[in-house]
Amino acid sequence: MKSKRECSVCQTKYEPSRSDQKFCSDTCRWNAWREREKNKKDTKRDQNLAGTDVPENIKEPEKKDLFASLRSVPENKATETKADKIETVVQAKIEQEKPNVLKEIPQTGTLETNEYKEAIAEKQRVDTFGKRVLDDLKTCVSEINSINTEIAQLTQKSNIKQKMRFRNWGIDAEDLFGSEVLDKEIDHTFKSQELQQRLKSFVNRKAELHKELDQANRDMNIVMSKLKNIDQYEKPKPQEKKLDLANILKSIQSKKIAEQKQEIKVIEKVEPEQIETNINEAVETNVWEEENEFEDEENTNNGKLVSSRDLRKRKYNCFPFTGKWKDFFGLPSYAFHLAVHGKPGEGKSTFCVQFADYLAKNFGKVVYVSGEEGLSKTVQDKIINNGIDNPYLIFADIKSYDEIKTEIPNEFHFIFIDSLDTLRIDAAKLKTLKEHYPQSAFITISQSTKDGKMRGSQEITHDTDIAAKVENGVAITTKNRFQARGTEFNVFDKIESAKRKLTEPKVLSKNDRGAFM
């Protein structure tokens with residue numbers, strides 16, 4: 001008696017007819033084959049997708065040159081002195097005497113064109129599709145051959161010929177062998193019909209694969225003809241003539257001699273009264289450098305290293321504050337950060353509203369994020385008491401950090417946030433906002449602790465350019481990178497003067513008195 005096996009698909013016990021039989025029926029074998037083909041396709045799709053970067057739909061802020069739209073700000077003139085003007089004149093004359101050294105332009109012939117890269121990518125796609133179709137076609141043909149073999153074997157095992165032979169002899173096979181012959185004949189008939197259906201489906205699939213293969217061949221011919229008509233590499237740019245090394249060295253040496261003569265002439269022409277005698281600004285000569293001159297002085301400065309002489313000549317854009325604001329802040333650079341803190345009712349919001357009005361009147365657009373008070377009557381009172389009526393000063397009723405990034409466009413030169421504690425903005429989120437609005441100056445308001453320090457992480461104080469504490473209506477700078485700290489600003493001077501004007505009694509004339517009698 002043969003031992004029974006368990007089908008690997010349906011787990012049914014059956015008696016195998018062959019030693020290598022794994023399935024109880026053709027249906028299970030067909031289901032197993034379909035599962036294998038599905039796994040192959042999934043594996044190929046995963047391999048094709050492997051290594052590709054899926055772009056994230058991150059909306060970046062629109063890049064604008066906000067500095068160009070600032071008002072009443074002179075370009076690179078805030079820090080220019082008399083000595084700088086003299087150096088500018090000397091530098092202009094030196095530039096005129098510089099020799100025109102032609103640099104060799106590297107050949108760009110090894111760079112592939114964009115059209116060629118796109119055609120190669122299309123070729124690879126068509127090639128991958130054609131290979132997949134060929135693999136499916138091979139599998140389909142092998143399956144058709146297997147089904148034909150099973151049909152032939154089933155026909156050989158059929159008992160129809162034997163029944164016909166018995167009938168020719170005048171004997172009925174059912175009477176001789178019983179119903180076993182009839183059962184086998186029915187079983188063979190059902191199996192034959194199932195195999196015929198499978199064969200028909202594979203034949204149809206084979207015809208579809210042939211059509212897909214023909215389409216792949218046509219696409220490949222189109223791509224190959226396109227590649228023949230496309231230049232693979234960019235055309236090299238014409239190279240300029242190379243100068244002799246000896247001539248270059250001579251020109252450098254003559255340039256240095258001309259610079260030394262020009263410096264001597266300028267020193268003789270400049271009167272002593274025009275030069276500020278500051279020992280820190282005196283340029284000392286380096287004896288070792290004169291004895292060991294470098295051939296290429298341009299290599300001294302790069303993106304990270306700058307000489308002190310070049311750093312002195314640099315011009316930085318600064319806001320030309322005037323009056324009490326200049327005395328309090330100095331001349332801060334563009335995109336500065338001011339951190340204001342104080343206890344409730346001390347005047348920190350009033351101070352920031354006054355500063356926002358000054359910036360909006362003189363320099364650019366200002367947005368004031370009113371996170372604590374919103375657009376309430378208290379904010380309206382601050383505007384009225386300070387005499388503010390400015391179309392460039394915008395108030396925003398925003399209650400969260402995410403709303404700032406979504407609701408405020410990248411078109412404001414100054415952004416006030418009142419306050420960091422209410423909007424729950426820490427040092428990391430504030431840094432993200434600065435990166436989101438790189439050309440905007442930030443003025444942030446924070447609450448103070450009982451001991452008078454700013455609430456939250458001290459990292460904000462370290463990163464800020466100016467820090468001010470407001471106490472009893474007086475703002476005091478505790479940190480300032482643009483001038484000395486410790487300067488004071490009376491917040492309520494402007495409001496008190498306005499109130500005094502309103503409350504002063506009017507001297508009535510005789511005619512006015514008669515009107516009240």
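In this predicted model, G342 stands opposite Q447, a residue of strand β7. That contact belongs to a parallel pairing in which β3 and β7, the latter spanning residues 441-447, are joined over 6 bridges. Strand β3 also pairs with β8, and the points below take up its surroundings before turning to a surface patch and to the internal cavities.

**Strand β3 and its partners**
- With strand β8, which covers residues 466-471, β3 pairs in the parallel sense over 5 bridges, and within this pairing A468 of β8 is the bridge partner of V340.
- Strand β3 runs over residues 337-342 and is mostly covered, with 6 of its 6 residues buried.
- The cover extends to both faces of β3, since H337, A339 and H341 are buried on one side, while L338, V340 and G342 are buried on the other.

**A nonpolar surface patch**
- V306, L311 and Y316 make a nonpolar patch of about 260 Å² on the surface.
- Of these residues, Y316 is found in the loop between α9 (308-313) and α10 (323-329).
- Y316 has a relative accessible area of 43% and therefore counts as partly exposed, a class that lies between the buried limit of under 20% and the exposed limit of over 50%.

**Cavities**
- A search of the whole structure finds 2 cavities of 30 Å³ or more, and the largest has a volume of about 40 Å³.
- The lining of the largest cavity is formed by F67, L70, F319, A335, H413, F414, Q439, S440 and A441; among them, A441 falls within the 441-447 range of strand β7.

Technical notes
Residues numbered from 1 in each chain as written. Predicted model: local features only at pLDDT ≥ 70, side-chain atom pairs only at ≥ 80, totals over all residues. Heavy atoms only, no water. Buried < 20%, exposed > 50% of the residue type's maximum accessible area, 1.4 Å probe, protein only. Helix = DSSP H or I, 4+ residues; strand = E, 2+ residues; numbered from the N terminus. Pairing = 2+ DSSP bridges. Patch = residues over 30% accessible without salt bridge, like charges linked within 9 Å, V, L, I, M, F, W, Y side chains within 5 Å. Areas by Shrake-Rupley, 256 points an atom, 1.4 Å probe, with all protein chains shown as cover. Salt bridge = Lys/Arg side-chain N within 4 Å of Asp/Glu carboxyl O. 1 Å grid on protein atoms, 1.4 Å probe; cavity = no way out; pocket = protein on both sides within 12 Å on 5 of 7 lines; lining within 4 Å. Points joined across faces, edges and corners; volume = space filled by probe spheres on them.
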